[in-house]
2 protein chains.
Amino acid sequence: MDDAKYDILKLDNQLCFPLYAVSKEIVRRYQPLLDPLDLTYTQYITMMVMWEKKCVTVKELGEKLYLDSGTLTPVLKKLESKGYVTRTRSKDDERNLMVTLTDSGEALKDEALEVPLKLSGCVNLSPDDAKTLYVLLKKLLTSF
Amino acid sequence: MDDAKYDILKLDNQLCFPLYAVSKEIVRRYQPLLDPLDLTYTQYITMMVMWEKKCVTVKELGEKLYLDSGTLTPVLKKLESKGYVTRTRSKDDERNLMVTLTDSGEALKDEALEVPLKLSGCVNLSPDDAKTLYVLLKKLLTSF
DNA sequence: TGCGATTAGATTGTACACAATTAAATTGAA
DNA sequence: TTCAATTTAATTGTGTACAATCTAATCGCA
């Protein structure tokens, strides 16, 4: 009798743990690809939104990235110091901080093109499996 | 012509981003369940290994948790200060730090039993989908 | 109109996470 | 045997994450 009731506490029986471990591992694999762009992973996903939107508030960024101002403020100050974005208060509503892509930030987009291509080499999943994984994760994400 | 070549840089087309976002969100949902145990998520998964193994080296912990000593050393010192584990050098090989579960740490196991049960209420996936997700993540994890 | 409630972002404090380096113990081949 | 290479943790430095709190701006209703 080896107390099977504790089985639910085994690392191997958790769904969240592989999620957490895989996520960290992939972020870790992004880093060498991002080094030439002088970006961390968090800065990179922030730039992805900027490349699409050109100009957004911190609130909008937070909603897209699932990050709060406590995380974004230092990230955006860093991106500003690198010259990739500017931070200015909105004239309409001084509470809103407008984050705007600079020319230098826009130029980075071309260099970034090879990042997803190179990364896919690090993820050993068939296209079908990748698709299934993507759909399940999206389903979870939108359920929050 | 809207430069479809940049589509691979859209947040919505990334596999890694939902992985990263879902992982963070679930860890965030663990926290209120772990507060009564005075554990963070990282401390919790560390305790999961301890509950199974009773005594392990930092190296073994790192391999199971995909964490290095830079992360584990402070976590283990914290768990030691809470009285859940002890840290002693191995007699055989002084390089190895033996992390050992205390009675107090063992006692915590019973309190922890309800954590996975309560958490499953936060994850809106059918058993089939959860199983599929688990298998895919495990496949990825073992491919690293 | 005035003021309490709300909102957006910044700040503070705690806790990871990881690369790079350091230090001590052990190993192993000349 | 000895000492260079390896191994294990700890340390240092940077960068997130997030809860809680704070501040300033705006909103909305009595």
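The lining of the largest pocket in this predicted model is made up of 13 nonpolar, 4 polar and 1 charged residues. In total, 18 residues line that pocket, and the space inside comes to about 430 Å³. If you would like to find the pocket on your screen, look for N13(A), Q14(A), L15(A), S120(B) and A130(B), the lining residues that lie nearest its centre. Three helices of chain B, namely α1 (16-34), α6 (114-120) and α7 (127-143), each give at least two residues to the lining.

**The helix α7 of chain B**

One of those helices, α7(B), deserves a visit of its own. How far apart are the end C-alpha atoms of α7(B), and what span should its 17 residues have? At 1.5 Å a residue the expected span is 24 Å, and the end C-alpha atoms are indeed 24 Å apart, so the two values agree.

The buried residues of α7(B) are D129(B), A130(B), L133(B), Y134(B), L136(B), L137(B), L140(B) and L141(B). A130(B) is also among the residues nearest the centre of the largest pocket. What covers the buried residues of α7(B)? The cover includes α1 (16-34) and α7 (127-143) of chain A, together with α1 of chain B.

**Chain A as a whole**

Chain A holds 7 helices and 3 strands. Following the sequence from start to end, you meet them in the pattern α-α-β-α-α-β-β-α-α-α.

Some overall values for chain A are gathered here.

| Property of chain A | Value |
|---|---|
| Radius of gyration | 19 Å |
| Span of the C-alpha trace along the principal axes | about 70 × 35 × 25 Å |
| Residues that count as buried | 44% of 144 residues |
| Contacts joining residues at least 24 apart, among those between residues at least 6 apart in sequence | 52% |

For a compact globule of 144 residues the radius of gyration would be near 15 Å, whereas chain A has 19 Å.

**A loop residue, D93(A)**

Now for a single residue. D93(A) sits in the loop that links β2 (85-89) and β3 (97-101) of chain A. Why does D93(A) count as partly exposed? Its relative accessible area is 22%, and the partly exposed class lies between the buried limit of under 20% and the exposed limit of over 50%. Measuring from C-alpha to C-alpha on your display, you should find D93(A) 36 Å from V27(A), with their positions 66 residues apart in sequence as the separation.

Conventions. Residues numbered from 1 in each chain as written. Chains lettered and ligands numbered in written order. Predicted model: local features only at pLDDT ≥ 70, side-chain atom pairs only at ≥ 80, totals over all residues. Heavy atoms only, no water. 1 Å grid on protein atoms, 1.4 Å probe; cavity = no way out; pocket = protein on both sides within 12 Å on 5 of 7 lines; lining within 4 Å. Points joined across faces, edges and corners; volume = space filled by probe spheres on them. Helix = DSSP H or I, 4+ residues; strand = E, 2+ residues; numbered from the N terminus. Nonpolar A, V, L, I, M, F, W, Y, C, P; charged D, E, K, R; others polar. Expected span 1.5 Å × (residues − 1). Buried < 20%, exposed > 50% of the residue type's maximum accessible area, 1.4 Å probe, protein only. Contact = heavy atoms within 4.5 Å. Rg over C-alpha atoms; globule rule 2.2 N^0.38 Å.
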